[in-house]
Every structure is written in structure tokens, then in C-alpha cells.
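Here are a few notes to go with your first look at this structure. Have the viewer open while you read.

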Amino acid sequence: MTETTGICAAILAAGQSKRFGDQDKLAAKLNGKMLGLHAAETVASLGLSKVAVVVSPAQSPCIASWSALGFDIIVNNEAAQGMGSSVAHAAQFASKCNADGLLVCLADMPFISAPLLDRLTGAFEENRRKGAFAASNEDVSLPPAIFGAEKFPELALLSGAQGARQLLSTATAIPATSREIADIDHVTELDRWNDHRNHP
């Protein structure tokens, strides 16, 4: 029997960011650092053996920094079809790594914390590395989430905008604060978080 490699992680960064305007959302500065690097640095701090970022064919300004942090870069040529295709690429990556768990995070969620990711991976370990576990706040489950290897075939077939929504809806909820699961879709949201730093 082939030995598994534990948990791997994938950050989804192939979104079209249409609500953000003309500029590259992930290259916009949050607290003086590109938005796309915040979650990546938190994931990198976990010390997982295999990590990747799923990107669109457009070259992101974050790629060099992601690579320097140790992330493989996976190009999703179907990115315009929706997040489901990026989840599928992440699951295919996890399968190739022979991982027994896949941690999925979103690049535009800059405040995911190491303690939250530890709670997710801890729940996964306690359940013998099976099932699905997702961050939850006010009864809504969403990434970051971790999926056991038995979910990879289903994830690898996803497409379109639905992503892993159905799987997330049945995942075991792991409590998260509203800040930890905040995402940034609009320039005004980015401005508000930058202002919050300057005026707590």
C-alpha cells in the first residue's frame, strides 16, 4: 500500500475579480502587503509538505512571491467558468500528491488565522482523516475547509460557479470569527480594512 503524504493545501486565486474594478485585486495593498500574500503566508507557516496556488492564465503579480514561499503554481485554463474548476484542479493536485487531506483556502480571505487552520486540521485528525470540515459563522459554512481523500474524486469533477458548495453544506462546522472568514470583493472593503488598521 502506498503511504499517504498527510495534508496538502491549495489556495484558490483564479477568480475574475469583476466586482473589484480594473486593477488586479490580489496585487492591491492591504496593510502595505499585496492582498494575495496574506493567506499564503499563513498557510506556509503550517509547514505542510505540499502546497499550491491555483491561478488563472493571466500572470498574477503575486506569483514570484508565492513561489518563494514554496507554493507550486497550477494554471487553471477554465478559470472563467467559475470556482468549481479551481477546486477540481486542487483535488487533482492532492490526488497526485497522494495526500489524505486537502485544505482549501481562498486568496482573497486575508485574515484566516493559524489557530483556525489548526482547528480544522485537528478536527480532521480526530476523525481519522476522513470527512469534510469547514469554517462556519452564523450557520454558514465556507472556506477554509478540509476534505478527506475519499472526497477527491467528487471534487475533481466540479465545474462552474457552484464550486464545493454542496459538499460544504454537509461539512462539519468549525467555529470561526467573522474577521477570520472575511473576504474582500470590492475596493471599498479593502479601504475599510486599511482604515480599520489606522483607526481601530
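The points below walk through some helices, strands and side-chain pairs.

1. Before anything else, keep in mind that this is a predicted model. The numbers quoted here are all computed from it.

2. A good place to begin is helix H4, which covers residues 114-126. H4 has 13 residues, and the distance from its first C-alpha to its last is 18 Å, close to the 18 Å expected at 1.5 Å a residue.

3. Which residues of H4 are buried? They are Leu116, Leu117, Leu120, Thr121, Ala123 and Phe124. These residues sit on the same side of H4, because the arc they cover around the axis is only 155 degrees.

4. What do the buried residues of H4 pack against? Two stretches from the earlier part of the numbering are on the list, namely strand S1 (7-13) and helix H1 (35-44). The other partners are strands S6 (101-106), S7 (132-137), S8 (140-148) and S9 (172-175).

5. Have a look at both ends of H4 too. At its start, a side-chain oxygen of Ser113 comes to within 3.1 Å of the backbone nitrogen of Leu116. At the other end, H4 is followed by Arg128, and the phi of Arg128 is positive, near 55 degrees.

6. H4 also takes part in a salt bridge: the side chains of Arg119 and Glu180 meet at 3.2 Å, N to O. Arg119 is in H4 while Glu180 is in the loop between S9 and helix H7 (187-198), so this pair ties together parts that are 61 residues apart in sequence. Arg119 is partly exposed, since its relative accessible area is 34%, whereas Glu180 counts as buried because its relative accessibility is 10%.

7. Now for H1, one of the packing partners of H4. H1 is mostly covered, with 8 of its 10 residues buried. Those are Leu35, Gly36, Leu37, His38, Ala39, Ala40, Thr42 and Val43.

8. Glu41, which is missing from that buried set, pairs with Lys33 in a salt bridge, with 2.7 Å between the closest N and O atoms. Both partners are partly exposed: Lys33 has a relative accessible area of 28%, and Glu41 has one of 33%.

9. Val51 is worth a click. It lies in strand S4 (residues 51-55) and counts as buried, because its relative accessibility is 8%. Leaving out residues up to four places away in sequence, Val51 touches Ala9, Val43, Gly70, Phe71, Asp72 and Phe93. Of that group, Val43 is one of the buried residues of H1. As for Phe71, it is 20 residues from Val51 in sequence, yet the two C-alpha atoms are 5.1 Å apart in space.

10. Asp72, another contact of Val51, has a salt bridge with Lys50 (3.5 Å, N to O). Lys50 is in the loop between H1 and S4, and Asp72 is in strand S5 (residues 72-75), so the pair ties together parts that are 22 residues apart in sequence. Lys50 counts as partly exposed at 31% relative accessibility, and so does Asp72 at 32%.

11. How many salt bridges does the count come to? The answer is 7. Besides the pairs already described, there is a network of salt bridges that links Lys25, Asp108 and Asp185. As general background, side chains of opposite charge can pair when their charged atoms come close.

12. Moving to the strands, S8 pairs with two neighbours. S6 and S8 run antiparallel and are joined by 4 bridges; here Gly101 has Gly148 in S8 as its bridge partner. S7 and S8 also run antiparallel, joined by 6 bridges, and Ala135 has Leu142 in S8 as its bridge partner.

13. S7 and S8 form a hairpin with 2 residues between the strands. Zoom in on Glu138 in this hairpin, where phi is positive, near 55 degrees.

14. Last, check Asp100, in the loop between helix H3 (83-96) and S6. Is Asp100 buried or exposed? Asp100 is buried, because a relative accessible area of 10% falls under the 20% cut-off. Its side chain makes a polar contact with the side chain of Arg129, at 2.7 Å.

Technical notes: Residues numbered from 1 in each chain as written. Predicted model: local features only at pLDDT ≥ 70, side-chain atom pairs only at ≥ 80, totals over all residues. Heavy atoms only, no water. Expected span 1.5 Å × (residues − 1). Buried < 20%, exposed > 50% of the residue type's maximum accessible area, 1.4 Å probe, protein only. Arc of directions from axis to C-beta. Contact = heavy atoms within 4.5 Å. Polar contact = N/O pair within 3.5 Å; in protein donor to acceptor, adjacent residues only side chain to side chain. Salt bridge = Lys/Arg side-chain N within 4 Å of Asp/Glu carboxyl O. Pairing = 2+ DSSP bridges.
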